[in-house]
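Me: I'd like a close look at one part of this protein, the short helix whose residues are listed first below. Could you start there and then walk me through what else stands out?

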Amino acid sequence: SPKLEYLLLETRGRVGLVTLHRPKALNALCNGLFVELNQVLKELDDNKDIGAIVLTGSERAFAAGADIKEMKDRNFIENYLEDFLGHWTQITKIRKPIIAAVNGFALGGGCELAMMCDIIYAGDKALFGQPEIKLGTIPGAGGTQRLIKAVGKSKAMEMCLTGSVNLTAEEAERAGLVSKVLPADVVVDEAVKTAEKIANLSQPVVQMVKDAINQSFEIPLSAGLTFERRLFHSTFATKDQKEGMAAFAEKRKANFTHN
Ligand code: CO8
């Protein structure tokens, strides 16, 4: 890809590691950063040698939100006509699993970005919050929608209505927003380890799992269960299902070929 201004990109084995890198602004998510992020994630999604993605920031900030200075003078008509920040949702179209490795601030759009990922690992100093109301606006990328599913109504209301009740890493884990709390200096490595584990499982089956779980947010239970069962049926069309089950029966490790 062309030179990146706001991101660092490296690959570790079958894992793509994307680091938000706008240190002077605590990784505030300006338009340029998000355009790059969408491009890089799409490239990783299309790259057959990559099976999973880790998204991280710095030790001080995953991301301190949308760029307030960039948006402060915008008006309603512009926002509406241009569908301002509509492109943020492209992340949710990435088909490979994305693990967010969060250290420091995950505020506003930063918290929303983490919630668009599939798994969140938090460093012990991470802080999650939706301070938008203090700026005279509301969360615009899932803070009122995904957060409630992760932490329940009372906490989501308290966070979004006050803008100043943030969740520490431990509180976020207890509430179910994050799956693990780790020492800050190992959170990225642990996320990469988990991503590598996932990346070495059957790629098509991994994508089916992500697809099926995400459907649970969109459709009623009976339709979700049918969707899940059909995907389950279809795994039997893969070589990887044959290999996985044969390996179990033969008491050996499966060698998935992603087809
Ligand atoms: N936007 C722009 N610049 C920022 C942002 C931001 N969100 N956050 C921090 N910065 C900048 C600061 O302005 C400062 O720059 P400078 O050195 O030029 O003054 C630099 O980063 C360092 O920040 P601080 O000096 O403030 O650092 P502190 O350690 O004192 O404070 C905080 C850290 C508490 C994180 C503080 O920076 C802060 O409160 N930031 C704003 C947090 C916030 O309100 N986030 C929500 C933004 S709104 C939003 O995300 C809406 C999302 C809607 C998405 C809709 C999609 C459809």
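Reply: Let's start with helix α4. Its buried residues are Gly109, Gly110, Cys111, Glu112, Leu113, Ala114, Met115 and Met116. Keep in mind that this is a predicted model. Eight of the eight residues of α4 (residues 109-116) are buried, so the helix is largely enclosed by the rest of the structure. Glu112 is on that buried list along with Leu113.

Just before α4 in the numbering comes strand β6 (residues 105-107), which pairs with β4 in the parallel sense over two bridges. Within that pairing, Ala63 is opposite Ala106 of β6. Both strands belong to an open sheet of four strands, ordered β4-β6-β8-β9, with mixed pairing. The edges are taken by β4 (61-63) and β9 (167-168), each with a single partner strand, so one side of each has no neighbour in the sheet.

For another covered element, go to strand β3 (residues 52-56), where five of five residues are buried. Ala52, Val54 and Thr56 point one way, while Ile53 and Leu55 point the other way, and all are buried. That fits the usual pattern: in a regular strand the side chains alternate between the two faces of the sheet. β3 runs parallel to β2, and five bridges join the two. In that pair, Val15 stands opposite Ala52.

On to the other pairing of β2. Strand β1 (residues 7-12) and strand β2 (residues 15-20) run antiparallel and are joined by six bridges. Thr11 has Gly16 as its bridge partner in β2. The hairpin has two residues between its strands, and Gly13 takes a positive phi near 60° there.

Now compare α4 with a helix that has a buried side, α10. The buried residues of α10 are Gly224, Leu231 and Thr235. They cover an arc of only 50° around the axis, which puts them on the same side of α10. The general reason is that an α-helix has 3.6 residues a turn, so residues three or four places apart point the same way. What do those buried residues pack against? Their neighbours are α9 (203-215) and α11 (239-249). The length of α10 (residues 221-235) checks out too: its 15 residues, at 1.5 Å a residue, should span 21 Å, and the end C-alpha atoms are 21 Å apart, which agrees.

Around the end of α10 you'll find some aromatic packing. Phe232 and Phe236 make an edge-to-face pair, 5.4 Å centre to centre with 80° between the planes. The total count of aromatic pairs comes to three. Phe232 counts as partly exposed, at 48% relative accessibility, and Phe236 is partly exposed as well, with a relative accessible area of 37%.

Two arginines round out the tour. The charged end of Arg74 sits over the ring of Phe84, 3.9 Å from its centre. Arg95 is in the loop between α3 (76-82) and β5 (98-102), and it is partly exposed, with a relative accessible area of 47%. Leaving aside neighbours within four places in sequence, Arg95 is in contact with Asp45, Gln207, Lys210 and Asp211. Arg95 is also 44 residues from Gly51 in sequence, with the two C-alpha atoms 9.9 Å apart in space.

Technical notes: Residues are numbered from 1 along each chain as its sequence is written. This is a predicted model: local features need pLDDT of at least 70, side-chain atom pairs count only at pLDDT 80 or more; totals for chains, interfaces and linings use all residues. Side-chain values use heavy atoms; hydrogens and water are left out. Rings of Phe, Tyr and Trp (its six-membered ring) pair if their centres lie within 6.5 Å; planes under 30 degrees apart count as stacked, over 60 as edge-to-face and the rest as tilted. Buried means under 20% relative accessible area, exposed over 50%, partly exposed in between (1.4 Å probe, protein chains only). A charge sits over a ring if NZ of Lys or CZ of Arg is within 6 Å of the ring centre and within 35 degrees of the ring normal. The expected span of a helix is 1.5 Å times one less than its number of residues. The arc is that of the directions from the helix axis to the C-beta atoms. Contact means heavy atoms within 4.5 Å. Two strands pair if DSSP finds at least two bridges between them.
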